Amino acid sequence: MPRFLLNDEECQFDPSDPGKTVLDFVRDNLKLKGTKEGCASGDCGACTVVLVSHSERDNKLVYKTVNSCITLLGNVDGQQLITVENLVNKSKLHPSQSFLVKTHGSQCGFCTPGFVMSMFACYKNRDNYDREEILSDLGGNLCRCTGYVPIIKAAELMFEKKVKDQFDEQT
């Protein structure tokens, strides 16, 4: 039976529906509604989640954003899947969330979970702020209300005083 870590708990899934997407599984089967479906074609980023795998070459964890609306569930076998619901640590927002709040980087909120997850992966994969890398990391996410200035500012602020998070504690 295929399995993966969902946030921090082991999860198994029935492989009999090879066309089932990660988004459908997370929203319909697990009732986690933070991840949104926007375009259903992988173009808007509202459905962004993070897959974590171990890099044998670097001997470290790699945090990769994926569009859950087009990623088939079978692709998460043996990895960790992190959704926006798991970023809060004991009622404290993750830096990717708190700085988005501080910079007023969200208006309607529909794209916010996707931006938060992209910022989270960036935060985990990078040690320092680099504007070009941040722009590349956020490149798959669209925002039609807020505009990108406060979102990019939030990403910049995350790196000013980078702290360990609950994911560092688990490694």
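In which sense do β1 and strand β5 pair, and over how many bridges? Hello everyone, let me start there. The two strands, β1 and β5 (residues 80-82), run in the parallel sense, and two bridges join them. If you want a residue to look for, find L5, which stands opposite Q80 in β5. Please keep in mind that this is a predicted model.

Let's stay with β1 for a moment, that is, residues 3-6. As a reminder, in a regular strand the side chains alternate between the two faces of the sheet. You can follow that here: F4 and L6 point to one face and are buried. R3 and L5 point to the other face, and these two are not buried.

On to the next partner. β1 also pairs with strand β2 (residues 9-12), this time in the antiparallel sense, over four bridges. Here F4 stands opposite C11 in β2. The hairpin of β1 and β2 has two residues between the strands, and N7 takes a positive phi near 60° there.

Now let's step back to the whole sheet. What is the order of its strands? Reading across, we get β2-β1-β5-β3-β4, an open sheet of five strands with mixed pairing. β2 and β4 (60-67) are at the edges with a single partner strand each, so one side of each has no neighbour in the sheet. From one strand to the next, the twist averages 35°.

On the other side of β5 in that order we meet β3. Strand β3 (residues 48-55) pairs with β5 in the antiparallel sense, over three bridges. A handy pair to click on is L51, which stands opposite L81 in β5.

What about the helices? Helix α3 (residues 112-125) lies across β3, β4 and β5, and runs at about 160° to β4.

My last stop is a pair of helices, α2 (residues 95-102) and α5 (residues 149-158). They pack at an angle of about 130°, and their axes are 8 Å apart. That angle makes α2 oblique to α5. The crossing of α2 past α5 is right-handed.

Which residues meet there? From α2 we have P95, S96, F99 and L100, and from α5 they meet I151, A154, L157 and M158. By class, this contact has seven nonpolar residues, one polar residue and no charged residues.

So, if you open the model later, try beginning at β1, with β2 and β5 as its partners. Thanks for listening!

Terms used
Residues are numbered from 1 along each chain as its sequence is written. This is a predicted model: local features need pLDDT of at least 70, side-chain atom pairs count only at pLDDT 80 or more; totals for chains, interfaces and linings use all residues. Side-chain values use heavy atoms; hydrogens and water are left out. Axes are lines fitted to C-alpha atoms, for helices over the stretch in contact, and angles run from 0 to 180 degrees between N-to-C directions. Angles under 35 degrees count as roughly parallel, over 145 as roughly antiparallel, 65 to 115 as roughly perpendicular and the rest as oblique. A crossing is left-handed if the near helix is turned anticlockwise from the far one by less than a right angle, and right-handed if clockwise. Contact means heavy atoms within 4.5 Å. Ala, Val, Leu, Ile, Met, Phe, Trp, Tyr, Cys and Pro count as nonpolar, Asp, Glu, Lys and Arg as charged, and the others, Gly among them, as polar. Buried means under 20% relative accessible area, exposed over 50%, partly exposed in between (1.4 Å probe, protein chains only). Two strands pair if DSSP finds at least two bridges between them.
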